[in-house]
Amino acid sequence: MPVLALLVAVFLTGCAATTGSTAGESSPTAAAPTAVAPTVTAPWAAGAPGNTAAGDGAPGTGTPGTGAPGAEDTTRSRTGPGAHPDTPAPLGGLGPRTLALIPGDTRQVVVVTGRGRDANRSEAVLYRRTVSGWEAGTVWPARNALNGWTDHHLAGDLRSPIGVFTLSDAGGLLPDPGTLLPYDESPGFSIDGTGFMGEPLAGSFDYVVAIDYNRVPGTSPLDGTRPLGADRGGGIWLHVDHDGPTQGCVSLEEGHMRQLLLALDPGQHPVIVMGDAGSLSR
């Protein structure tokens, strides 16, 4: 147990929040080498878990690039033949540069729109593409990193990366609720301590979906591989809200996380588009 706890503390550096947190940027006090965090692939921008409480998220595995519109390290984002210029507008207020990063075969898009560049409150909507265009689901309240958003995420900057990232893998402390995504149920998703507002972090990683930023897709969210290097952060996840800002992740209420897990279908090539409203409108 002491060894497991140590591994978890080392792995997590991104998501949950600070004080007494075991998790990393966006992932829990991830445990050991059992879990692996997915990375982004081809036409998508990559992302990886690796922050602890309220921030990046899980142990990182990375993928190259951020997928952010105009970002320096956009990885496998589609701006050419793969993009779909026929995308019905508007799609969550997204601008042409952002839309061009969405793969042409994507049929599910989670749009997370921040209230401001330096704000840590946001809204999330799951869109489904149909023959008649994009259909919006319910608007869910969400939170992001303490300091807001950035086009060039760095470990410890307490900002969430802006961009378009694939959603390939899920996991959590609780059993699989029935998602079609690969799901890693592991004690490595345990987390304790308190967040930036003094709120308890326990339960934050009951359910997570790895955001493919600086990670390797097809691995557990707990995987610590970071293709872009450790300095670019990782462990960026969608996870359960703990009533406070994150270190880099995006959090939703637990019921909404369950709904999202049940809705996401890898056959629809889901992606998340995230950032402040001004950046996403580019």
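This report walks through a predicted model of one protein chain, from its overall build to its strands, core and salt bridges.

## The chain at a glance

Let's start with the overall build. The protein chain has four helices and twelve strands. It holds 282 residues, and buried residues make up 60% of them. About 9,400 Å² of the chain is exposed, and carbon and sulfur atoms supply 57% of that area.

How does the chain fold back on itself? Take the contacts between residues at least 6 apart in sequence: 71% of these join residues at least 24 apart. You can see one such meeting of distant positions with Arg97 and Ser279, which are 182 residues apart in sequence but 9.8 Å apart in space, C-alpha to C-alpha. Arg97 sits in helix H2, which covers residues 96-99. With a relative accessible area of 44%, Arg97 is partly exposed.

## How confident is the prediction?

Because this is a predicted model, a look at its pLDDT values, which give the predictor's confidence in each residue, is worthwhile. The chain averages a pLDDT of 78, and 68% of the residues score at least 70. Over residues 1-13 the pLDDT is below 50, and this stretch has 51 contacts in the model beyond near neighbours in sequence.

A second stretch to look at is residues 57-89, where pLDDT stays under 50. The model has 193 contacts for these residues beyond four places in sequence.

## Strands side by side

Strand E2 is a good place to begin with the strands. E1 and E2 pair in the antiparallel sense over seven bridges. A hairpin of six residues joins E1 to E2. Within this pairing, Gly114 stands opposite Ser122 in E2.

E2 also pairs with strand E3 (residues 133-136), again in the antiparallel sense, over four bridges. These two strands form a hairpin with two residues between them, and Arg128 stands opposite Glu135 in E3. Strand E4 (residues 140-143) is another antiparallel partner of E2, with four bridges. Here Arg121 has Arg143 in E4 as its bridge partner. When you look at strands on screen, keep one pattern in mind: in a regular strand the side chains alternate between the two faces of the sheet.

## Inside the protein

In soluble globular proteins, nonpolar side chains tend to be buried together. Which residues touch the most other members of the largest nonpolar core? They are Ile102, Val209, Leu238, Ile272, Val273 and Met274, out of 42 residues in that core.

Met274 is a nice one to click on. Leaving out residues up to four places away in sequence, Met274 touches a list of residues including Val112, Trp149, Pro161, Ile162, Phe165, Ile211, Ile236, Val250 and Leu280. Apart from the largest core lies another core of nine residues, among them Phe189, Leu201, Ala210 and Cys249.

## Opposite charges that meet

Side chains of opposite charge can pair when their charged atoms come close. In this model the count comes to seven salt bridges. One of them joins Asp276 and Arg117, whose closest N and O atoms are 3.6 Å apart. This pair links distant parts of the chain, 159 residues apart: Asp276 is in strand E12 (residues 271-276), while Arg117 is in the loop between E1 and E2. Asp276 counts as buried because its relative accessibility is 5%, under the 20% cut-off. Arg117, at 34%, is partly exposed. Both residues belong to a network of salt bridges that links Arg117, Asp151, Asp276 and Arg282.

Right beside Arg117 in sequence comes another example: the side chains of Asp118 and Arg159 meet in a salt bridge (2.8 Å, N to O). Asp118 lies in the loop between E1 and E2 and Arg159 in the loop between strands E5 and E6, so this salt bridge ties together parts that are 41 residues apart in sequence. Asp118 is exposed, with a relative accessible area of 53%, whereas Arg159 is partly exposed at 22%.

Are Arg215 and Asp212 buried or exposed? Arg215 is buried, with a relative accessible area of 0%, and Asp212 is buried at 0% as well. These residues form a salt bridge, with the closest N and O atoms 2.7 Å apart.

Terms used. Residues numbered from 1 in each chain as written. Predicted model: local features only at pLDDT ≥ 70, side-chain atom pairs only at ≥ 80, totals over all residues. Heavy atoms only, no water. Buried < 20%, exposed > 50% of the residue type's maximum accessible area, 1.4 Å probe, protein only. Contact = heavy atoms within 4.5 Å. Areas by Shrake-Rupley, 256 points an atom, 1.4 Å probe, with all protein chains shown as cover. Salt bridge = Lys/Arg side-chain N within 4 Å of Asp/Glu carboxyl O. pLDDT = per-residue confidence, 0-100. Core = buried A, V, L, I, M, F, W, Y, C linked by side-chain atoms within 4.5 Å. Pairing = 2+ DSSP bridges.
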